[in-house]
Amino acid sequence: MSEKKHALLSASGSARWLHCTASAEAEKNFPPEKESAYAAEGTVAHALAEAKLYADVLGKDKSADIAKIKSDPYYDGDMDRYTTGYAEYVAELLAEAIAEDPLAQLLPEARVDFSRYVPEGFGTSDALILSSKRLTVVDLKYGRGVPVSAKGNSQLALYALGAYDAYSFLYSPPMVRLVIYQPRIDHIEQEDISLQTLIDWGTEYVAPRAKAAMEGSGEFDPGDHCRWCRARIRCRARAEKLRALAVKDFCDPALLSDEEMMEVLALSDTLSKWAADVYGWAQAQAESGKKIKGYKLVAGMRRRKIADEDGLLTALRRHKLKLDDIAPRKLATIGKLEKLIGKEKFKEWTADYIELPEARPILVPESDKREEIIVDLKNEF
Ligand code: SF4
């Protein structure tokens, strides 16, 4: 999953530095960003997933570790279910591998060193399955935002290069399988590639780019990967590309054509994210006492909030107000109830009382993985 001690050219950041080889040097000017609550939750889920691979698949006693993880504030019943599903899935992959090669073995949380291709490159693969037929690299993604693709996934491919380097004296399989397991959005994806393709990619594509990135002789190449770059707010190359796109010349007539509107639409997402990043940076500067030319800090909108619910309730009751009027009883939200009961039981017990109304479709770029909705014009009329 990760490089717990961060390498300059990390596998998890490889989608960025392989495209923009100058970004490794540019990022040095910015401290690592604070770990988000999502990342902290992911860390706990990975620890539980690892313990379950040892306990449920390899038969080791991990009860003390599991009990400790379950006392973490980020732990919940869903995490238990998702990590059990992950362990079962890895067990299936292992069984498949053993059917082809009885000497196949599973290595949970295996440290891999891919420094043959990337200077100082190392990382930890969530699960490796070694066999003489196939090397399998499994990555558990605990996020529930965008589906992560296994196809062309440079993080997994780098782990695979490191794993092959470490274990080729025992196993020399012709094929490599890269697997993404993303349980919170029911997304599992695999990609099979030949070992030779992987090694050629490492030698011909990765190694020269990693060398340039490490030596500081890389080139800037702004793109979608910029959103993961610590230099994204101050990066001149990115700003210039966005500015050039934003001030492009439109044709003469007073109204924009459909084609021109499409060009603006294609830019809108990137430009609005960039603007939000710059605004956030300026706000932080101002709050730290720096004067931002043309701007000033003013008091934000204050909203009243109840500081002492019990005290307020008692005070209001003293004036003979009806309890139903001041504190109407309400069901917990669907999310809260589901968490309380568990997904399966919730479905079973409540199916007759829950509905899923139609939602307004969302317009997204064609590259989005979700299935397209075709609007039936006849029915619309
Ligand atoms: S913001 Fe984009 S272009 Fe600039 S250094 Fe980072 S990845 Fe490269």
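Mentor: Before we start on this predicted model, keep in mind that Ala, Val, Leu, Ile, Met, Phe, Trp, Tyr, Cys and Pro count as nonpolar, that Asp, Glu, Lys and Arg count as charged, and that the others, Gly among them, count as polar.

Trainee: OK, so how do the residues of the shell around the ligand divide?

Mentor: The shell around the ligand divides into 6 nonpolar, 2 polar and 3 charged residues.

Trainee: Which residues are they?

Mentor: Around the ligand you will find R16, C20, S23, F220, P222, H225, C226, C229, R232, C235 and R238.

Trainee: And what space does the ligand take?

Mentor: The ligand takes the space of the largest cavity, which has a volume of about 100 Å³ and is lined by 15 residues, with C20, S23, C226, C229 and C235 lying nearest its centre.

Trainee: Which helices supply at least two residues each of that lining?

Mentor: Helices α2 (23-27) and α8 (236-246) each do so for the largest cavity, and by class the lining of this cavity comes to 9 nonpolar, 2 polar and 4 charged residues.

Trainee: Switching topic, how many cavities of 30 Å³ or more does the structure hold?

Mentor: There are 4 cavities of 30 Å³ or more in the structure, and the second largest has a volume of about 50 Å³.

Trainee: What lines the second largest cavity?

Mentor: Its lining is made of L130, S131, L135, A163, Y164, Y167, S168, Y171 and P173, and helix α6 (residues 154-167) gives the largest share, 3 residues.

Trainee: And by class?

Mentor: The lining of the second largest cavity has 7 nonpolar and 2 polar residues, with no charged residues.

Methods. Residues numbered from 1 in each chain as written. Predicted model: local features only at pLDDT ≥ 70, side-chain atom pairs only at ≥ 80, totals over all residues. Heavy atoms only, no water. Near = heavy atom within 4 Å. 1 Å grid on protein atoms, 1.4 Å probe; cavity = no way out; pocket = protein on both sides within 12 Å on 5 of 7 lines; lining within 4 Å. Sits in = over half its atoms within 2 Å of the grid points. Points joined across faces, edges and corners; volume = space filled by probe spheres on them. Helix = DSSP H or I, 4+ residues; strand = E, 2+ residues; numbered from the N terminus.
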